[in-house]
Amino acid sequence: MEGRPPISDGRSSLRRVLLRAINKNQLILLDKISKNSTRTVTSISNSLSSELSIPISTLKLNCRILKNLDLIDFETSKPVSLTQAGKAILKIVGDSG
């Protein structure tokens, strides 16, 4: 298997790929959702919009994208949560800046 990177390097390669595929707002949402397991999508979106001056429409669009990718799960008036895939991605991309 000459020319192949060592397996220990696979995580950093996967991290780079994920950082290209998941945008900054989606990472912000994943992180905020991971820390606020009792809040709704609307509540988290409103909070982030106020804190970071990101339009609510942008945050809601990114929530729909994350839901379509099965990274978060939510229903109207129910708390939003990360799926197992969402937790895994946040763990990989959340490591070391």
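Which residues make a nonpolar surface patch of about 240 Å²? In this predicted model, the patch is made by Leu-61, Ile-65 and Leu-69.

**The patch and its residues**

Two members of the patch can be described further. Ile-65 lies in helix α4, and its relative accessible area of 32% makes it partly exposed. Leu-69 is found in the loop between α4, which covers residues 56-68, and β1, which covers residues 72-73. With a relative accessible area of 47%, Leu-69 is also partly exposed, because partly exposed residues lie between the 20% limit for buried and the 50% limit for exposed. Leu-69 can also be related to a position further along the chain: its C-alpha atom is separated by 9.1 Å from that of Ala-85, although the two residues are 16 residues apart in the chain.

**Helix α3 and its buried residues**

Helix α3 comprises residues 41-52. Its twelve residues should span 16 Å at 1.5 Å a residue, and the C-alpha atoms at its ends are indeed 16 Å apart, so the expected and modelled values agree.

Which residues of α3 are buried? They are Val-41, Ile-44, Ser-45, Ser-47, Leu-48 and Ser-49. The cover over these buried residues includes α2, formed by residues 24-35, and α4.

Ser-47 serves as an example from this group. Its relative accessibility is 16%, and therefore Ser-47 counts as buried, since the limit for buried is under 20%. When neighbours within four places in sequence are left aside, Ser-47 is in contact with Lys-32 and Arg-39.

**Two residues with positive phi**

Most residues other than glycine have a negative phi. Ser-53 and Asp-70 are not glycines, yet each has a positive phi. Ser-53 follows α3 and lies in the loop between α3 and α4. Asp-70 is found in the loop between α4 and β1, where Leu-69 is also found. The table lists the values for both residues.

| Residue | Phi | Relative accessible area |
|---|---|---|
| Ser-53 | about 55° | 64% |
| Asp-70 | about 60° | 53% |

Are these two residues buried or exposed? Ser-53 is exposed, with a relative accessible area of 64%, and Asp-70 is exposed as well, at 53%.

Note on methods: Residues are numbered from 1 along each chain as its sequence is written. This is a predicted model: local features need pLDDT of at least 70, side-chain atom pairs count only at pLDDT 80 or more; totals for chains, interfaces and linings use all residues. Side-chain values use heavy atoms; hydrogens and water are left out. Helices (H or I, at least four residues) and strands (E, at least two) are DSSP runs, numbered from the N terminus. Buried means under 20% relative accessible area, exposed over 50%, partly exposed in between (1.4 Å probe, protein chains only). Patches are made of residues with over 30% relative accessible area and no salt bridge: like charges are joined within 9 Å, nonpolar side chains (Val, Leu, Ile, Met, Phe, Trp, Tyr) within 5 Å. Accessible areas come from the Shrake-Rupley method with a 1.4 Å probe; for residues, only the protein chains shown count as cover. A salt bridge is a side-chain nitrogen of Lys or Arg within 4 Å of a carboxyl oxygen of Asp or Glu. Contact means heavy atoms within 4.5 Å. The expected span of a helix is 1.5 Å times one less than its number of residues.
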